[in-house]
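Morning, everyone. Please pull up the model on your screens, and I'll walk you through a sheet and two surface patches.

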Amino acid sequence: MKDCTIVGGGPAGLNAALVLGRARRRVILVDSNNARNKVTFASHGFLTRDGVKPAELRELAHQEFTRYPMIETLEDKVVEIAKVDEGFLIKTQRGQQWKSRKVILATGVYEKFPNIPNLSDFYGNSIFNCPYCDGWELRDKPLALFGIVDYTLHMSKVLLNWSKDIVIFTNGQKLTKSQVKQIEKTELRVETSPVHLLIGKKGMLEKVELVNGTVIERAGGFATPELFQTTKLGTLLGIKLNDTGGHHSDEVGNTKITGFFVAGEASNVYPSQLIIAAASGVKTAMAVNVELTHDGILGSED
Ligand SMILES: Cc1cc2nc3c(=O)[nH]c(=O)nc-3n(C[C@H](O)[C@H](O)[C@H](O)COP(=O)(O)OP(=O)(O)OC[C@H]3O[C@@H](n4cnc5c(N)ncnc54)[C@H](O)[C@@H]3O)c2cc1C
């Protein structure tokens with residue numbers, strides 16, 4: 001019997017494991033090691049870790065776990081979580097199973113992009129999704145912005161902090177009258193012809209070629225993806241998704257299923273930042289520890 005099973009080993013799950021391990025709770029962290037930011041070479045904006053490689057951040061966390069014997073880690077995928085009398089029965093893809101008093105779902109989200117040809121060749125190198133994460137590296141460069149028009153219009157205003165030279169590519173999506181009016185008030189350039197090809201070397205964007213033959217030089221940019229939960233483990237237990245796409249929960253990750261918590265982007269999809277996901281993992285771990293204490297379960301000796 002584990003005190004808590006943490007599903008997902010991104011910043012939310014890792015920080016939850018650290019706090020619970022230090023609280024002498026018997027935790028197991030199961031991770032399928034498929035983080036959303038694995039495509040990028042450097043993560044920014046995380047205090048003391050600005051510019052760290054995503055894999056290095058995880059590696060550092062795992063090194064810290066070695067100080068706490070209560071933390072067990074497993075590279076595997078949780079495929080089933082069933083409610084049982086004492087808590088939950090967890091099953092993994094590789095056939096392991098165990099019981100756990102509490103569960104923290106920290107499984108993150110996956111991204112679905114507008115259908116731009118060969119976008120994936122550039123994503124994480126010179127095309128990103130969040131200016132707070134990668135805007136500094138693209139400052140004052142000629143930028144491309146791809147995505148659903150309403151959202152790109154909103155984002156372009158924020159992006160002006162980093163560059164004044166922005167072209168929105170609607171990739172064939174027509175503009176409404178109100179969108180045209182909004183654009184007329186700005187100096188933004190908008191191209192509605194579908195994108196034929198992104199051109200560049202080693203992931204660094206140089207040009208955008210449109211189906212109508214126009215070629216526009218760009219040195220990078222942003223694409224706005226739609227975000228979806230990576231797993232149905234929560235919804236299969238009856239937890240609904242909220243308007244932002246996260247699982248319904250209170251501010252510390254309590255869901256309607258007693259003992260089942262959510263953290264990181266499994267709980268709040270926005271704002272999408274490593275340090276916010278990590279902080280959410282901390283809050284949820286503390287709530288789990290309090291609930292275990294109320295249940296009369298005290299921390300185990302090493
Ligand atoms: C290209 C890109 C660049 C980014 N750059 C930055 C940046 O510079 N700075 C910043 O602050 N943020 C950045 N982000 C955002 C950041 O990656 C996320 O905010 C953060 O990773 C969310 O953390 P999380 O723990 O909620 O989920 P994730 O980091 O996505 O971790 C979820 C983990 O759960 C695992 N998992 C899923 N299902 C299961 C299962 N059934 N069983 C076991 N494990 C499972 C996954 O494999 C994954 O390892 C970037 C994102 C992208 C896409």
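Where does Ile276 have its place? In helix α6, which covers residues 274–294. Keep in mind that this is a predicted model.

Stay with Ile276 for a moment. Its relative accessible area is 39%, so Ile276 is partly exposed; the band for that runs between 20% and 50%. Now look at its company. Ile276 joins Leu47 and Ile275 in a nonpolar patch on the surface. Together the three have about 280 Å² of accessible area.

Next, charge. Find Lys157, Lys177, Lys181 and Lys185. These lysines gather on the surface as a patch of positive charge. Take Lys177 as one of them. Helix α5, residues 177–184, contains Lys177. Buried or exposed, then, is Lys177? Exposed, because its relative accessibility is 76%, and the cut-off is over 50%.

Now the sheet. There are five strands, and the sheet is open. Read the order with me: β8-β15-β9-β10-β11. The pairing is parallel. Which strands stand at the edges? β8, at 127–128, and β11, at 189–191. Each has a single partner strand, so one side of each lacks a neighbour in the sheet.

Let's zoom in on one pair. Strand β9 spans residues 143–146, and strand β10 spans residues 166–169. The two run parallel, joined by four bridges. For a concrete contact, go to Leu143: its bridge partner in β10 is Ile166. As a general reminder, strands of a sheet pair through backbone hydrogen bonds.

That's the tour. Over to you for discussion.

Technical notes: Residues numbered from 1 in each chain as written. Predicted model: local features only at pLDDT ≥ 70, side-chain atom pairs only at ≥ 80, totals over all residues. Heavy atoms only, no water. Patch = residues over 30% accessible without salt bridge, like charges linked within 9 Å, V, L, I, M, F, W, Y side chains within 5 Å. Areas by Shrake-Rupley, 256 points an atom, 1.4 Å probe, with all protein chains shown as cover. Salt bridge = Lys/Arg side-chain N within 4 Å of Asp/Glu carboxyl O. Lys, Arg positive; Asp, Glu negative; His and termini not counted. Charge placed at Lys NZ, Arg CZ, Asp CG, Glu CD. Buried < 20%, exposed > 50% of the residue type's maximum accessible area, 1.4 Å probe, protein only. Pairing = 2+ DSSP bridges.
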